[in-house]
Amino acid sequence: MEKSQNENFEQLMEQYEPMISAVIRKLNIYRDFDNFRQTGRIALFHAWTRFDETKGNFTPFAYRSIYGAMLDDLKKESRFSEVNTSVETETLEHLTQNHFTEDPDNELHEIITALPTSERELLIHLYVENKTQAECATHFSISVSGIKKRREKLLQKLKDQLTTKRNTDI
C-alpha cells in the first residue's frame with residue numbers, strides 16, 4: 001500500500017473512531033473493549049477497500065460493516081462460551097459424582113473438602129444430587145439469581161484452585 005493511501009486510512013480511522021464506540025455501546029458490549037475496537041477497525045479497513053462510490057455513501061456502508069463484524073464476533077464468543085461452560089460443567093459433574101466420596105487421593109476431592117460448608121453443600125446439591133437452581137434457591141433461602149452467582153463464583157474458585165494445584169505440582 002502506498003504511503004498516501006496509508007495516511008488516508010489513518011485519517012479515516014480517526015474520523016470513524018466515534019462510530020466504532022457507538023456500535024460498541026449499541027451492542028451492549030461491556031468487556032474486551034480493545035478486541036471489539038480492533039474488530040471495528042479491521043471492518044472499517046475492509047469497508048474502505050471494498051467500497052464502490054457508485055453505490056452510495058460510505059458512512060452507512062462503514063456502519064453496517066463495523067456492526068456486522070462486531071455482531072459476528074459476539075456470536076462466536078457466545079458459542080465458544082456455551083461450549084466451554086458445558087464441557088466444564090460436565091467434567092465437574094463427572095468428577096464430583098465419581099470421585100467426591102470415593103477417592104480421597106483425587107485432587108478435586110482435596111479442594112472440595114477444603115471448601116466452606118455452604119459452598120460444599122451447594123456443590124453437592126447441584127452436581128451430586130442434580131437439584132435445580134430453583135430447588136437450591138429454596139433450600140438456601142435466596143433468589144435463583146443469587147444461586148447462579150454463587151455457582152459461577154464457586155466454579156471459578158474451583159477452576160482457579162485446580163489450576164494453582166496443578167501448577168504447583170509440576
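Which residue's side chain meets that of Lys131 in a salt bridge? The partner is Glu129, and the N to O separation in this salt bridge is 3.7 Å. The structure shown above is a predicted model, and the values in this account are computed from it. Side chains of opposite charge can pair when their charged atoms come close. Lys131 is partly exposed, with a relative accessible area of 34%, and Glu129 is also partly exposed, with a value of 41%.

The structure holds 5 salt bridges, and the one between Lys131 and Glu129 is among them. Another joins Arg151 to Glu152, with the closest N and O atoms 2.5 Å apart. What is the burial state of each partner here, buried or partly exposed? Arg151 has a relative accessible area of 13% and therefore counts as buried, because the limit for a buried residue is under 20%. Glu152, at 43%, is partly exposed.

A further salt bridge connects two helices. Glu17 pairs with Arg41, and their closest N and O atoms are 2.7 Å apart. Because Glu17 belongs to helix H1 and Arg41 to helix H2, this pair ties together parts that are 24 residues apart in sequence. Glu17 is buried, with a relative accessible area of 18%, whereas Arg41 is partly exposed, with 25%.

The account now turns to the nonpolar interior. The largest nonpolar core contains 18 residues, and those that touch the most other members are Tyr16, Leu44, Phe58, Ile66 and Met70. Three helices each supply at least two residues of this core: H1 (3-26), H2 (33-50) and H3 (58-99). Of the contributions to this core, that of H1 is the greatest, with 7 residues. A second, separate core has 15 residues, including Ile112, Tyr127, Ile147 and Leu154.

Two residues illustrate how contacts are made between positions well separated in the sequence. When residues up to four places away in sequence are not counted, Ile66 touches Met19, Ile20, Val23, Gly40, Ala43 and Leu44. Met19, found in helix H1, can be considered from the other side of this contact. Leaving aside neighbours within four places in sequence, Met19 is in contact with Thr59, Ala62, Tyr63 and Ile66. How many residues separate Met19 and Ala62 in sequence? The separation is 43 residues, yet their C-alpha atoms are 9.0 Å apart in space. Met19 has a relative accessible area of 15%, so Met19 is classed as buried.

Aromatic rings provide another view of the structure, which holds 7 aromatic pairs. One of these is formed by Tyr16 and Phe58, whose ring centres are 5.5 Å apart and whose planes stand at 85° to each other, an edge-to-face arrangement. This pair links distant parts of the chain, since Tyr16 is in helix H1 and Phe58 is in helix H3, 42 residues apart. Both Tyr16 and Phe58 are buried, and both are also named among the core residues that touch the most other members.

Phe51 and Phe61 form another aromatic pair, with 5.7 Å from centre to centre and 45° between the planes. Why is this pair described as tilted? The angle of 45° is neither under 30 degrees, as stacked planes would be, nor over 60, as edge-to-face planes would be, and therefore the pair counts as tilted. Phe51 lies in the loop between H2 and H3, while Phe61 lies in helix H3, so the pair ties together parts that are 10 residues apart in sequence. Phe51 is partly exposed, with a relative accessible area of 22%. Tyr16, Phe51, Phe58 and Phe61 form one aromatic cluster.

The final region to consider is helix H5, which spans residues 117-128. Which residues of H5 are buried? They are Leu122, Leu123, His125, Leu126 and Tyr127. These residues cover an arc of only 165° around the axis, and therefore they lie on the same side of H5. Tyr127 is also a member of the second core. Just after H5, Asn130 takes a positive phi of about 55°.

Note on methods:
Residues numbered from 1 in each chain as written. Predicted model: local features only at pLDDT ≥ 70, side-chain atom pairs only at ≥ 80, totals over all residues. Heavy atoms only, no water. Core = buried A, V, L, I, M, F, W, Y, C linked by side-chain atoms within 4.5 Å. Buried < 20%, exposed > 50% of the residue type's maximum accessible area, 1.4 Å probe, protein only. Helix = DSSP H or I, 4+ residues; strand = E, 2+ residues; numbered from the N terminus. Contact = heavy atoms within 4.5 Å. Phe/Tyr/Trp six-rings, centres within 6.5 Å; stacked < 30°, edge-to-face > 60°. Salt bridge = Lys/Arg side-chain N within 4 Å of Asp/Glu carboxyl O. Arc of directions from axis to C-beta.
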